[in-house]
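Biologist: Could you take me through one part of this model in detail, the spot around the ligand and the annotated binding site? I'd like to hear how that region is put together.

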Amino acid sequence: MAMVCLSDFEAYAKKYLPKIAWDFFAAGADDCSTRDENILAYKRIRFRPRMLRDVSVMDIRTKLLGTEISFPVGIAPTGFHQLAWPDGEKSTARAAKAMNTCYIASTYSTCTLEDISAAAPGGLRWFQLYIHRNRAVSQQLVQRAEALGFQGLVLTADLPYTGKRRDDVRNGFRLPPHMTLKNLEGAFEVCKMSPLDPSVTWNDIYWLRSLTHLPIVIKGILTKEDAELAVRHGVQGIIVSNHGGRQLDGGPATIDALVEVVEAVQGRVEVYLDGGIRKGSDVLKALALGAKCVFIGRPALWGLAYKGEEGLQDVLRILQDEFRLSMALAGCASVSEIGQHLVQFSKL
Ligand code: FNR
């Protein structure tokens, strides 16, 4: 099967993954309107391409909090990679390193942080945190990640409770017995209910700050009010995200929310985006509207489901090639030339 674009990987994953795993990866909350809107919204944005601008030499590199990556696409945190491929997050780490980009490892990884680090020494990795009701568990995780050389801490802010994903409820989704949340082993027993702490507030950023020297990036911001609070609480980065439409259904597409967040932040911290990135031209639109970098969630899982580390590299390479081509066709030879002038909102 020739893999030409990301939907080829999606079709493969849908065909070959066990239904319960596919449904878990694909799920959005309620009737999936926000999940689907994340993708549809890109179609309402059209380019204003410029011509005759010498695009013979292209530079698609960028920097994430000072560290260079080969192109502005990283891997968003998603749980349970062993559902897609036996080596799980170890394969993800290897692919991200091979493509010289950033991998955000989830609290809900099915490999230990130690194994993830050992799989791809020197790769750029951030650690994504869900704050546990037992704060000692989270403190230990953050400090382990820092000691292992993870270079950023991503606090996910949009999951005080898990959204209602109908197929998971219907399927009675749970991890198969041989897979565990390796970084939380033992930590679940202390909680009879969900182990995640729904009482988290902005003040907890100060608590995190007291635990670690790592830059803190907050994930799940969708409004200018919260963007302002994030900056005031001293984070270094914001990921505009609606959790791939898996949490509150009815919220905006992330590409639409990006505009007000970027306007509020005024360059004080880096702004990134995830949700609905399926083509290189989507990446270009997000950068034009002010994102420094984007992250992919589900497409990375499809790549893993296809061929593990190699499949994920294929996904990243296709996105990279498409992004380079879109840039060139829009008249940009370097990422620094991408700006709002490149796009317009159509009245679709
Ligand atoms: C997620 N996401 C997520 N986010 C997070 O902060 N921690 C996590 O453990 C997970 N787990 C997770 C599992 C699965 C199966 C999906 C699809 C998503 C959300 C993820 O980081 C990201 O916000 C979205 O996936 C981006 O949307 P796309 O790229 O999937 O459209």
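Modeller: Here is a walk from the whole chain down to the ligand shell and the annotated residues. Keep in mind that this is a predicted model.

A bit of context before zooming in. The chain holds 12 helices and 12 strands, and its C-alpha atoms fill a box of roughly 65 × 50 × 40 Å along the principal axes. For 348 residues, a compact globule would have a radius of gyration near 20 Å, and the chain's 19 Å agrees with that. Of those 348 residues, 49% count as buried. Contacts reach far along the sequence too: among those between residues at least 6 apart, 75% join residues at least 24 apart.

Now the ligand. There are 23 residues around it, and the ones that come nearest are Ala-76, Ser-106, Gly-244, Gly-297 and Arg-298. Sorted by class, that shell has 12 polar, 7 nonpolar and 4 charged residues.

Then the annotation. The unreviewed UniProt entry gives "binding site" for Arg-165, His-243 and Arg-246. These residues span 82 positions in sequence, but no two of their C-alpha atoms are more than 12.3 Å apart, so they gather at one spot.

Take Arg-165 to begin with. You'll find Arg-165 in the loop between β7 (152-156) and α7 (166-171). Is Arg-165 buried or exposed? It has 23 other C-beta atoms within 10 Å, and 20 is enough to count, so Arg-165 is buried. Setting aside neighbours within four places in sequence, Arg-165 is in contact with Ala-27, Gly-28, Ala-29 and Arg-246. The last of these, Arg-246, is itself among the annotated residues.

His-243 sits in another loop, the one between β9 (237-240) and α10 (254-265). With 25 C-beta neighbours inside 10 Å, His-243 counts as buried as well. Not counting residues up to four places away in sequence, His-243 touches Asp-158, Leu-159 and Gly-220.

Gly-220 leads us to the strands, since β8 covers residues 216-221. Strand β8 runs parallel to β9, with 4 bridges joining the two, and Ile-221 stands opposite Val-240 in β9. In a regular strand, side chains alternate between the two faces of the sheet. Both faces of β9 are covered here: Gly-237 and Ile-239 are buried on one side, Ile-238 and Val-240 on the other.

Definitions and conventions. Residues numbered from 1 in each chain as written. Predicted model: local features only at pLDDT ≥ 70, side-chain atom pairs only at ≥ 80, totals over all residues. Near = placed C-beta within 6 Å. Nonpolar A, V, L, I, M, F, W, Y, C, P; charged D, E, K, R; others polar. UniProt positions renumbered as here; feature names shortened; annotations may be inferred. Buried ≥ 20, exposed ≤ 12 C-beta atoms within 10 Å, placed from the backbone. Contact = placed C-beta atoms within 7 Å. Rg over C-alpha atoms; globule rule 2.2 N^0.38 Å. Pairing = 2+ DSSP bridges.
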